[in-house]
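Me: Please take a close look at the aromatic ring pairing in this protein for me. I'd love to see the pair itself first, and then what lies around it.

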Amino acid sequence: SSGINAEWFQTDQHITVTIFAKGLTEEQVQIKIGSRNLSASVKADENTDYTIDLILQHPVNPDTSSYKILKTKVEIKLMKASGVRWDSLEQKEEEAAVNQRVYPSSTRREPVDWDKVEAEVVKQDAEDKPEGDAALNELFQKIYADGSEDTKRAMIKSFQESGGTVLSTNWNEIGEKETDVKPPDGMEYKQWND
């Protein structure tokens with residue numbers, strides 16, 4: 001066992017294949033997406049690698065499909081060529097025989113408990129913490145969502161009156177007067193029509 005596993009789920013527009021492996025770099029991941037095939041190779045270290053090479057059950061659009069390397073996983077998003085519901089990720093052998101092509105497959109699995117998969121995906125998404133501006137934005141959204149009416153009022157008033165340069169949660173201070181513009185150090189505020 002490689003310690004790396006993968007799952008998949010779908011919406012009407014796309015298929016998402018998730019390979020769970022932590023701390024990967026671009027150099028450790030190779031993904032190839034064709035209209036009817038998916039090839040993924042993950043080399044976590046010298047002793048741990050994971051490969052899938054599939055003939056997909058239905059066509060996808062390779063041009064609009066993509067993948068992302070996150071802290072705990074590689075997420076491959078395959079855009080469906082049509083909105084048909086897939087009952088498996090991989091083409092079944094009887095379908096392959098109809099197409100006169102049979103490809104070897106590396107995946108033979110037991111039935112999947114989708115409730116468990118969904119819980120795992122939700123848990124993994126919760127562990128993927130945003131960074132930089134996204135983290136700051138999430139913090140402000142949380143403060144706003146959890147704040148009292150006075151906190152929300154103070155945030156809106158201070159942000160609007162200051163041209164986006166001040167964000168306060170203290171209504172007692174902000175409610176008394178108009179909020180001054182406070183540009184960042186080294187910057188100068190100018191009116192748009194100056």
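Reply: The count comes to 1 aromatic pair, where rings of Phe, Tyr and Trp (its six-membered ring) pair if their centres lie within 6.5 Å, planes under 30 degrees apart being stacked, over 60 edge-to-face and the rest tilted. The partners are W8 and W114: their ring centres are 5.7 Å apart and their planes stand at 85°, so this pair is edge-to-face. W8 belongs to strand β1 and W114 to helix α2 (residues 114–127), so the pair ties together parts 106 residues apart in sequence. Helices (H or I, at least four residues) and strands (E, at least two) are DSSP runs, numbered from the N terminus.

A quick note before going on: this is a predicted model, in which local features need pLDDT of at least 70 and side-chain atom pairs count only at pLDDT 80 or more, while totals for chains, interfaces and linings use all residues. Residues are numbered from 1 along each chain as its sequence is written, and side-chain values use heavy atoms, with hydrogens and water left out.

Are the two rings buried or exposed? W8 has 9% relative accessibility and counts as buried, whereas W114 is partly exposed at 38% (buried means under 20% relative accessible area, exposed over 50%, partly exposed in between, with a 1.4 Å probe and protein chains only).

Now look at the strand that carries W8. Strand β1 covers residues 5–10, and W8 sits on its covered face together with A6 and Q10. The uncovered face of β1 shows N5, E7 and F9.

Next comes the partner of β1. Strand β2 (residues 14–20) runs antiparallel to β1, and 6 bridges join them; two strands pair if DSSP finds at least two bridges between them. You can follow the match residue by residue: N5 has F20 as its bridge partner, A6 has I19 and F9 has T16. A hairpin of 3 residues makes the turn from β1 to β2.

That loop is worth a stop, too. Q13 lies in it, and the C-alpha atoms of Q13 and K80 are 5.6 Å apart in space, although the two residues are 67 places apart in sequence. Leaving aside neighbours within four places in sequence, Q13 is in contact (heavy atoms within 4.5 Å) with L78, M79 and K80.

How many residues of β2 are buried? The answer is 7 of 7, so by the burial cut-off β2 is mostly covered. H14, T16, T18 and F20 point one way from β2, while I15, V17 and I19 point the other way. Strand β7 (73–80) runs antiparallel to β2, and the two are joined by 7 bridges. In that pairing, H14 stands opposite M79.

Step back a little and the sheet appears: 4 strands in the order β1-β2-β7-β6, open and with antiparallel pairing. β1 and β6 (60–69) are at the edges with a single partner strand each, so one side of each has no neighbour in the sheet.

There is another open sheet, with 3 strands in the order β3-β4-β5 and antiparallel pairing. Its edges are β3 (29–33) and β5 (48–55), each with a single partner strand, so one side of each is left free of a neighbour in the sheet. β3 and strand β4 (residues 37–45) pair over 5 bridges, and I31 stands opposite A40 in β4.

Where do strands of both sheets contribute together? Look at the largest nonpolar core, with 23 residues (buried Ala, Val, Leu, Ile, Met, Phe, Trp, Tyr and Cys joined through side-chain atoms within 4.5 Å). β1, β2, β3, β4, β5 and β7 each supply at least two of its residues. V17, I19, L38, I76, L78 and L89 have the most contacts inside this core. L89 brings us back to the start: apart from its neighbours within four places in sequence, L89 is in contact with residues including W8, I15, V17 and L54.

Finally, the overall setting. The protein has 5 helices and 7 strands, and from the N terminus the elements run β-β-β-β-β-β-β-α-α-α-α-α. Of its 194 residues, 30% count as buried.
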